[in-house]
Amino acid sequence: FQGKALAGKNILVTAGPTQEDIDPVRFISNRSSGKMGYAIARAAWEAGARVTLVSGPTALDAPYGVERINVKTARQMHAHVMQLAPEQDIFISVAAVADWRVSNTQTQKVKKTGTQGGLDLALTENPDILAEVAALANGPWCVGFAAETENLHEYAEAKRQRKKIPLLVGNLAQETMESDQSRMVLFDDQGSHPLPVLDKLDAARRLVAEIANRTVRPGAS
Ligand code: C5P
């Protein structure tokens, strides 16, 4: 891997949705396919990194050369990421982590009453994995994602500052979720940098090059 942009780097990527159980047969989740995170894991491996992918449930095969750890819930993803984070150089948080989990999960399947009765779900906020990793002393260099449906620039930059991360990738949910393409805008200390519409693997390779530019000293490998 000598000479590759991320040679010798340990990179941790999260991808996919998380699933939060309502009962043994039902869950709350979101429209993340995992494609962007898997493409980034592949692109990072191509760039010479040792890549670990912590993935929520997806229909995708692990990219060649990438070690995948499968999880379902945000709390499982949190536990694996916090255990692996200290030995990483770079953390790329692509997963669409469910913001809430059900706090009154039922151990048996909930039965309908047949009387048009509703079902109340109590929701509790999940841990913010990215913000926790970003707050580690000597932790990895962190990249976040934000899928917004409106006000992309305002919300994405606010997110970057709130989570205290050097680089955040913003995109419009309607343009990226369930799609094979992505139109990314990079947010960093210098401002915002729009990228063209690209297939997700091309977008991933471009992002990995941008990350390498920001993290690897010239001539270091
Ligand atoms: O504002 P929001 O939490 O949606 O920011 C999205 C970014 O934060 C993504 O990079 C996502 O992977 C990460 N995130 C996380 N843990 C959460 C929620 C979001 O790591 N509980």
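Residues were classed as nonpolar (Ala, Val, Leu, Ile, Met, Phe, Trp, Tyr, Cys and Pro), charged (Asp, Glu, Lys and Arg) or polar (the others, Gly among them). By these classes, the shell around the ligand has six nonpolar, two polar and five charged residues. The model is predicted: local features need pLDDT of at least 70, side-chain atom pairs count only at pLDDT 80 or more, and totals for chains, interfaces and linings use all residues. Numbering starts from 1 along each chain as its sequence is written, and side-chain values use heavy atoms, with hydrogens and water left out.

The ligand is surrounded by 13 residues, each with a heavy atom within 4 Å of it. Ser93, Ala95, Pro127, Lys159 and Lys163 come nearest. Helix H3 (129–134), strand E9 (141–148) and helix H4 (152–163) each supply at least two shell residues. H4 gives the most, with three. Lys159 lies in this helix. Helices (H or I, at least four residues) and strands (E, at least two) are DSSP runs, numbered from the N terminus.

Polar contacts are pairs of N or O atoms within 3.5 Å. A polar backbone atom of Ala95 is 2.7 Å from a ligand oxygen. At Pro127, a polar backbone atom is 2.8 Å from a ligand nitrogen. A backbone N or O atom of Phe145 lies 2.8 Å from an oxygen of the ligand. Taken alone, the ligand exposes 450 Å², and the protein buries 88% of that (Shrake-Rupley method, 1.4 Å probe).

An unreviewed UniProt entry annotates as "binding site" Asp99, Lys109, Pro127, Asp128, Ile129, Leu130, Phe145, Lys159 and Lys163. Such annotations may be inferred rather than shown by experiment. These positions span 65 residues of sequence and up to 37.3 Å between C-alpha atoms.

How values were computed. A polar contact is a pair of N or O atoms within 3.5 Å; within protein, one must be able to donate a hydrogen and the other to accept it, and residues adjacent in sequence count only if both atoms are side-chain atoms.
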